[in-house]
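Hi,

Here is the structure I said I would pass on. Have a look through it first, and then read my notes underneath.

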Amino acid sequence: MLFLPILFNLYSECITKEALEGFGDFKIGGQIIRTVKYADELVLLAKEEKVLQDMIDKLMETGGCYGMEMNVEKTKVMRISSQPLSVQNMIDQKQLENVESFKYLGSIITNYGICTCEIKCRFALAKNAFNKKRVLFTSTLDLELRKRLVKCYIWSITLYGAET
């Protein structure tokens, strides 16, 4: 039974690779990046709306050949830009929903590329974790040990948020 998710991901990876071969104009570090994947999540990357639509169409066509379909209701689109405009991509004559932000791997991705919301969220998590550790204020632990515990547990959560 554990093999089914693994086989699905392998099957999905092969279909994606076949469908998107030759596509892509999005470069990071000199390498063309077409997708970002995690488990059964797939993010398509393109600089132009037409290229993205072509990628979607080819992925739908290739997936159809293998009996796999894309869930149009769950499929979203977002343009990341200093002046975000809506994107007009479609699947089966249905307009894809434009979103201003979404959560991916625990981080909030926004359409304007600024992560202040994410940083505020991480600070709130760190503050909450700090407030749960009341023993740091009330215990008879050495002050230096308490400082080290704060650096170890609380600052690690805050700095992780700053990195994302």
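Below is what I found, going through one helix, the core, the charged pairs, a buried polar residue and a hairpin.

One thing to keep in mind throughout: this is a predicted model.

I'd start with helix α2, since much of the rest refers back to it. Helix α2 covers residues 49–65, which makes 17 residues. From first C-alpha to last it reaches 25 Å, close to the expected 24 Å. Its buried residues are V51, L52, Q53, M55, I56, L59, T62 and G63. After the helix comes G67, which has a positive phi, near 80 degrees.

Now the core. The largest nonpolar core has 13 residues, and the ones touching the most other members are L44, I56 and L96. Two elements, α1 (3–20) and α2, each give two or more residues to this core. The largest share is from α2, with five residues. As a general point, nonpolar side chains in soluble globular proteins tend to be buried together.

L44 is worth clicking on. If you skip its neighbours within four places in sequence, its contacts are L20, R34, T35, L52, M55, I56 and L59. Among these, L52, M55, I56 and L59 are also on the list of buried residues of α2.

Just ahead of the helix, E48 sits in the loop between β4 (41–44) and α2. E48 is partly exposed, because its relative accessible area is 49%. In sequence E48 is 22 residues from F26, and the two C-alpha atoms are 9.1 Å apart in space.

On to the charges. How many salt bridges does a search of the whole structure find? The search gives six, and I'll go through three of them here. The general idea is that side chains of opposite charge can pair when their charged atoms come close.

- K50 with D54: the closest N and O atoms are 3.1 Å apart. These two are four residues apart in helix α2, so about one helical turn separates them. K50 counts as exposed, because its relative accessibility is 56%, while D54 is partly exposed at 29%.

- K58 with E61: this salt bridge has an N to O distance of 3.9 Å. K58 and E61 are three residues apart in helix α2, so they too are separated by about one helical turn. K58 is partly exposed at 30% relative accessibility, and E61 is partly exposed at 49%.

- E73 with K94: here the side chains meet at 3.7 Å, N to O. E73 is in the loop between α2 and β5 (76–77) and K94 is in strand β7 (residues 94–95), so this pair ties together parts that are 21 residues apart in sequence. E73 is exposed, with a relative accessible area of 56%, whereas K94 is partly exposed at 41%.

Next, a polar residue that caught my eye. Is N89, in the loop between β5 and β6 (90–91), buried or exposed? N89 is buried, because its relative accessible area is 1%, against a cut-off of under 20%. Which side chain does the side chain of N89 make a polar contact with? The partner is Q53, at 3.1 Å, and Q53 is itself one of the buried residues of α2.

Leaving out residues up to four places away in sequence, N89 touches E49, L52, Q53, I56, V77, K94, Q95 and L96. Some of those names should look familiar by now: I56 and L96 are two of the core residues that touch the most other members, and K94 is in the salt bridge with E73.

Last, the hairpin. Strands β9 (residues 101–104) and β10 (residues 107–110) pair in the antiparallel sense, over four bridges. S101 stands opposite T110 in β10, and K103 stands opposite I108 in β10. Two residues lie between the strands of this hairpin. One for your Ramachandran plot is L105 in the turn, with a positive phi of about 55 degrees.

If you want an order for looking at it, I'd go from L44 and its contact with I56, over to N89 and its polar contact with Q53, and then out to E73 and K94.

Cheers

Methods: Residues are numbered from 1 along each chain as its sequence is written. This is a predicted model: local features need pLDDT of at least 70, side-chain atom pairs count only at pLDDT 80 or more; totals for chains, interfaces and linings use all residues. Side-chain values use heavy atoms; hydrogens and water are left out. Two strands pair if DSSP finds at least two bridges between them. The expected span of a helix is 1.5 Å times one less than its number of residues. Buried means under 20% relative accessible area, exposed over 50%, partly exposed in between (1.4 Å probe, protein chains only). A nonpolar core is a set of buried Ala, Val, Leu, Ile, Met, Phe, Trp, Tyr and Cys residues joined through side-chain atoms within 4.5 Å. Contact means heavy atoms within 4.5 Å. A salt bridge is a side-chain nitrogen of Lys or Arg within 4 Å of a carboxyl oxygen of Asp or Glu. A polar contact is a pair of N or O atoms within 3.5 Å; within protein, one must be able to donate a hydrogen and the other to accept it, and residues adjacent in sequence count only if both atoms are side-chain atoms.
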